[in-house]
Amino acid sequence: MDTTLLFTAALQLPDSWRVSGVELRDGEGGRRELHIMIGFEPGSRFSCPHAECGREECPMHDVRNRVWRHLNFFQYKAFIHAGVPRVSCPEHGVRAVPVPWARPGSGFTLLFEAMVVELAKSQPVADIAGQVGEHDTRLWRFIRHDVDQARLYEDYTGVEAIGIDETSRKGHRYITVVADLAERNVICVVPGKDANTVKRFALDFMDHNGDPNRVTLVTCDMSLGFAKGIREHLPNAAKVIDKFHVIKHANEAVDKVRKTQAGRNPPLRRTKYLWLRNEEGLTGLQLETKHNLQKQRVKTGRARRMRETLQDIHATGTSRMQAEAGFQTLCSWMMHSRLEPMKTLARRIRRHWQDILTYFDHRCTNAILEGLNGIIQHIKTRARGLRNMDYFSTMIYLTRGKLDLATVTI
């Protein structure tokens, strides 16, 4: 079989295009490269590329030579060369004809882009760049483009329950992640963690056919900024303070009590996780150490029991009324404990009283976002090449957005 016919078939070129030549050439560093030349039949005419123009058989104006990086052919880097025709349309002027193997403006074929995007779901882009012999900036350019284009096809018409949580990229640079609690996927990533963050989400939500007025439930932390944004931009949503964040504040309070005591009681030093972990997660030696400290009637032991009571209320409360009674007793205990961190926790719970109790009406949590946050932290760890927050957002959408990338990469 003729080589040019073989490559024409392998590239699945339409009738107007054909492979005119295949060469092995010396590339950078003496490495051999495969170069595939593609042309079209002399006298060919093409349709006007303008989306609203149906004119066919437009005459050719000129040809512009272009090169695209393609998938490797065995161990060789492969490149496609083609003269891209520009046609003259009486209505829309001179326009370049799109080629079937690459998107306009890209220096890579669609198949090469699809391969890199798939690899980027599990590998740092900097590592992929080393593997394929390209600068990572060029790869980031089309990864971000493909993710942004795939998001255009997302439809959030039926989304009614969402979870909101923030994470930091570096220092105090925050992004907020919004997830669909039903589908368990990320639907929006926006910078910041205040009321304007919720506004930006609502605008993006409407761009994807979502209706902020139909959102009936939002799980989040105790952020006053989120609370204000939810009131203003998701007016019909019940706000649930996620129980994991309530327990997180309790853990912080317990550790503050321990630190205060540790200055006068050296055995409490380096025992942070003895008090914050549930006992079933401790080793025998850790349990023995913890029990010995409790016999000394340390204040940290009292603080830990308050935290465990808080956990028990969330675990065993069968109704809002029962839970409210439990919280009232617990807050009274903490306010009379003479442990300032626990008193501060009681005041925090009282400030968010109704939203904390709303959990017992809906039993929804930010568990999906807590799980996603672990994955997002892993993205930060492995993606050392991330240079800005836009790249970080792109990776979150790519790995946790459940995007249909076939709409833009095939």
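Helices (H or I, at least four residues) and strands (E, at least two) are taken as DSSP runs and numbered from the N terminus. On that basis the protein chain has 17 helices and 10 strands. This is a predicted model, in which local features need pLDDT of at least 70, side-chain atom pairs count only at pLDDT 80 or more, and totals for chains, interfaces and linings use all residues. Residues are numbered from 1 along each chain as its sequence is written, and side-chain values use heavy atoms, with hydrogens and water left out.

**Overall figures**

The protein chain holds 410 residues, and buried ones make up 48% of them. Buried means under 20% relative accessible area, exposed means over 50%, and partly exposed lies in between (1.4 Å probe, protein chains only). Contact means heavy atoms within 4.5 Å. Among contacts in the protein chain with a separation of 6 or more, 57% come from residues 24 or more positions apart.

**Helices α11 and α12**

Two packed helices are described by the angle between their axes and the distance between the axes. Helix α11 spans residues 320-335 and helix α12 spans residues 340-351. Their axes come within 8 Å and cross at roughly 145 degrees. Axes are lines fitted to C-alpha atoms, for helices over the stretch in contact, and angles run from 0 to 180 degrees between N-to-C directions. The crossing of α11 and α12 is left-handed: the near helix is turned anticlockwise from the far one by less than a right angle (clockwise would be right-handed). From α11, the contact uses Cys331, Ser332, Met334 and Met335. From α12, the contributors include Met342, Lys343, Leu345 and Ala346. By class, the residues of this contact divide into 7 nonpolar, 1 polar and 3 charged. Here Ala, Val, Leu, Ile, Met, Phe, Trp, Tyr, Cys and Pro count as nonpolar, Asp, Glu, Lys and Arg as charged, and the others, Gly among them, as polar.

**The loop between them**

Ser337 sits in the loop between α11 and α12. Is Ser337 buried or exposed? Ser337 is buried, at 3% relative accessible area. The Ser337 side chain reaches the backbone oxygen of Met334 at 2.6 Å. Leaving aside residues up to four places away in sequence, Ser337 touches Arg302, Met306, Met342 and Lys343.

**Salt bridges**

Side chains of opposite charge can pair when their charged atoms come close. A salt bridge is a side-chain nitrogen of Lys or Arg within 4 Å of a carboxyl oxygen of Asp or Glu. The structure holds 20 salt bridges. Three of them are tabulated here.

| Acid | Base | Closest N to O |
|---|---|---|
| Glu118 | Lys121 | 3.2 Å |
| Glu232 | Lys228 | 2.8 Å |
| Glu340 | Lys343 | 3.7 Å |

Glu118 is partly exposed at 47% relative accessibility, and Lys121 is partly exposed at 34%. Glu232 and Lys228 are separated by about one helical turn because they are 4 residues apart in helix α6 (residues 224-233). Glu232 is partly exposed at 45%, as is Lys228 at 38%. Lys343 and Glu340 both lie in helix α12, 3 residues apart, about one turn of the helix. Glu340 is partly exposed at 42%. Elsewhere, Asp62, Arg64 and Arg86 are linked in a network of salt bridges.

**Strand β7**

Arg173 belongs to strand β7 (residues 173-180). Its relative accessible area is 40%, so Arg173 is partly exposed. Gly192 lies 19 residues from Arg173 along the chain, and their C-alpha atoms are separated by 7.4 Å.

Terms used:
Polar contact = N/O pair within 3.5 Å; in protein donor to acceptor, adjacent residues only side chain to side chain.
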